[in-house]
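Thanks for taking a look at this one with me. Below are some notes to help you find your way around.

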Amino acid sequence: MTQIHQHRFIAEVVVTCDTENSVYAPGIVDIEDGRIHWVGSKEDAPDTSSTTKEYDVGGLLMPGLVNAHCHTPMTLLRGVGDGLPLQRWLTEAMWPREGLMTSEDVWWGMTFGSAEMLQSGVTTSCEMYLFEEAVVDAAQQTGARLVMTPVVISESNRNFKEHITDLIHLYERHHDPAGRTTVGVAAHSAYDLGIDPVAELAGLARSLDTTLHLHLAETQEESADLERKFGQSITRILYDNGVFDGRVLAAHSVWVDRSDIELMAEGEVAVAHCPVSNMKLGAGIAPLVDLRAAGVTVGYGTDGPASNDSLDLWEEVKIAPLLARVKALESTAITASETLAMATREGAAAVGLHDTGSLEVGNAADMIRVDLEQSTFVPVTSPDELIAHLAWSGSNRLVTDVWVAGKQVVVGGEVQTVDTERARAQVQERARRLAGS
Ligand SMILES: [Zn+2]
């Protein structure tokens, strides 16, 4: 029997999401050892050998989406405290339940949410949560790509030192840029931890050559005490304390003005823009156009499923440009290809990954197939219209097949790596316990 070394996928359209926005119709993606070996138009494709297996998949192939900011195990808390003001939502609905969570709860919450993301075409998520070992283990089993940033938070049964020791151990065990898991450092926020601990965690991230992930300027009031004390904006305070001296992923960044944005652009600060969560919690509208204009890398995040409540990043793909256009009163703000780039290539860069997020030679084969038979994808009279359909009509319903590092994890809309019925039952039962009912 011939040993298969290469897998050739032939599609009606290949949308690469590379910097040139290359589209090939019909197109081909060749995969070898979990990486993209060749991509281009069918007529230019190199000859195959006897060790190549061909799949005529039809439809549209594009890179998997990147969820740049998430607390996926909060699937256990989806819908809880809906409609409460933010502070009451946190203190009365979220934290009491999170205080009861076990590592097994988190494992099931992550497994269930990871399956939901894979099914909607999200191949990578950047997670900020506790019980980090359980999150890593769950993602390794679902087959998803994971950037794990264990969160240091003031309400914790570990002290600061223990957090740091655990973090370094996790990094040593699981940080594997060539594989599917990388590890970063997360400081919940300056308003929760104070400035010095955040600066110390930033230093730790720099010493490990990894990303510091934090919540920044989500609401207008959250940092009022610090801002009064220092007489400056929270962004300027963090900058002055060296927090932006290394790679930073700042979730939200809603309440940043032009001079804050300049400080972010000066350092390597990327933003995880979470428009649906910001709208649901009434936090505000992040200055997406200004951030991009200043050269800040921006990706999209769903935020936790308790504040969204979906993990379907296609909603951010549509809503982020809609919101930016409403804010700017300008229909040209954020194009269809720009919103797709933020959900893919730029999202990957934001979370510190440079070999996923686009279908390019050498990148990991993180790829999804989108069904083109749906009415919202008709008609197509030019490639631009197809990109517009993806941006405005893209949805989890259209994703039929998903590969991560060349391994197919969703087939015909069904996740192959998770017993979804069992996960659903587990999450339902555990959520009841956490609710005390
Ligand atoms: Zn968050």
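How many bridges join strand β17 to strand β18, and do the two run parallel or antiparallel?

1. Four bridges link β17 (residues 367–370) with β18 (residues 399–404), and the two strands run antiparallel. To see one pairing for yourself, start at methionine 367, whose bridge partner in β18 is tryptophan 403. Please keep in mind that this is a predicted model.

2. Now step back to the sheet around that pair. It is an open sheet of seven strands with mixed pairing, ordered β3-β2-β7-β17-β18-β19-β20. The edges are β3 (23–24) and β20 (414–415); each has a single partner strand, so one side of each is left without a neighbour in the sheet.

3. Next, have a look at helix α2, which covers residues 103–119. Its 17 residues reach 24 Å from the first C-alpha to the last, close to the 24 Å expected at 1.5 Å a residue. Most of α2 is covered, with 15 of the 17 residues buried. After the helix comes glycine 121, which has a positive phi, near 95 degrees.

4. Where does α2 fit in the largest nonpolar core? The helix supplies eight residues, the largest share of this core. Domain 1 (6–63 + 365–415) and domain 2 (65–350) both contribute residues, so the core lies between them.

5. The core has 139 residues, and those touching the most other members are Val14, Val29, Val135 and Leu249. Valine 135 is a good one to click on: leaving aside residues up to four places away in sequence, it touches Pro73, Val106, Met110, Glu127, Tyr129 and Met148.

Definitions and conventions: Residues are numbered from 1 along each chain as its sequence is written. This is a predicted model: local features need pLDDT of at least 70, side-chain atom pairs count only at pLDDT 80 or more; totals for chains, interfaces and linings use all residues. Two strands pair if DSSP finds at least two bridges between them. The expected span of a helix is 1.5 Å times one less than its number of residues. A residue is buried if 20 or more other C-beta atoms lie within 10 Å of its own, exposed if 12 or fewer, and partly exposed in between; C-beta atoms are placed from the backbone. A nonpolar core is a set of buried Ala, Val, Leu, Ile, Met, Phe, Trp, Tyr and Cys residues joined through C-beta atoms within 7 Å. Domain bounds come from an automatic or database domain assignment. Two residues are in contact if their C-beta atoms, placed from the backbone, lie within 7 Å.
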